[in-house]
Structures are given as C-alpha cells and as structure tokens.
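Thank you all for coming. I would like to take you through one model this morning, beginning with its strands, then turning to one helix residue, and ending with a pocket.

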Amino acid sequence: MSETIKVAVIGAGGRMGSEAAKAVEAAPDMELVGRFDVGDDLGDLGGADVAIELTVPDASPGNLAHCVSRGVSAVVGTTGWTEEKLATLRSQVDA
C-alpha cells in the first residue's frame, strides 16, 4: 500500500487553484491539507509534503522561498519567472 501524499494549494481562491484543490481531493493517493490565498499565513503549510503554487508573479518567489525553507517540494504553475528570480531562489536553496 502506498503512502498518501499531503498537498497544500497556494492560490486556492483563484480559478486554477480551486481546480487544483478539487483534483487533489478527488485523488485517492492524495490528501488536501491546506488551502492558502492572499494574506494567509503559510505557516507549516498544513504539514504538506508538496505545495502547488498558483498565485501571481509578484507573490510566487516569496511563496517558493517559504516552501524551500520548510523542506516542502513545490509544483509551480505561476508565470512570470525570470532568470533573475530563478537565480535568487537557487541562492536561497543553496544557502
């Protein structure tokens, strides 16, 4: 028997985020442990193993840095990532 993957959705109030949350809830091997939106404290991300990040370009880097700092893997569906933003995130991961 496989282990259930605990998933948090960041941007759950938006169109894509709400669909992602529905998909996680429907998956037999996943558990939705957190729905986060603008202004929410991400805290421990509900104990998630994985976070799905579907916000806006200005919020995404901070959300990803938060995930990295807590050892939570992330799937990013937010557009607007530049080489500069990626380099900043890489430096945070390597620190």
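**Strands, a helix and a pocket**

Let me begin with one pair of residues: Ala 8 has Gly 34, in strand E2, standing opposite. Please keep in mind throughout that what you have on the screen is a predicted model. That pair belongs to the contact between strand E1, residues 5–10, and strand E2, residues 30–36, which run parallel and are joined by six bridges. Between them comes helix H1, residues 15–26, and E1, H1 and E2 together make a β-α-β unit that is right-handed. E1 also pairs with strand E3, residues 50–53, again in the parallel sense, over four bridges, and here Val 7 has Val 50 as its bridge partner in E3.

Turning now to the helix, I would like to pick out Ala 21, which lies in H1. Is Ala 21 buried or exposed? Its relative accessibility is 0%, and because buried means under 20%, Ala 21 counts as buried. Leaving aside residues up to four places away in sequence, Ala 21 touches Val 9, Leu 32 and Arg 35. Gly 11, by comparison, is 10 residues from Ala 21 in sequence, with 9.6 Å between their C-alpha atoms.

Gly 11 brings me to the largest pocket, whose volume is about 320 Å³. It is lined by 21 residues, and those closest to its centre are Gly 11, Leu 54, Thr 55, Val 56 and Ala 59. H1 gives the most to this lining, with three residues, while the lining as a whole divides into nine nonpolar, nine polar and three charged residues.

Conventions: Residues numbered from 1 in each chain as written. Predicted model: local features only at pLDDT ≥ 70, side-chain atom pairs only at ≥ 80, totals over all residues. Heavy atoms only, no water. Pairing = 2+ DSSP bridges. Helix = DSSP H or I, 4+ residues; strand = E, 2+ residues; numbered from the N terminus. Right-handed = clockwise from strand over helix to strand, strands pointing away. Buried < 20%, exposed > 50% of the residue type's maximum accessible area, 1.4 Å probe, protein only. Contact = heavy atoms within 4.5 Å. 1 Å grid on protein atoms, 1.4 Å probe; cavity = no way out; pocket = protein on both sides within 12 Å on 5 of 7 lines; lining within 4 Å. Points joined across faces, edges and corners; volume = space filled by probe spheres on them. Nonpolar A, V, L, I, M, F, W, Y, C, P; charged D, E, K, R; others polar.
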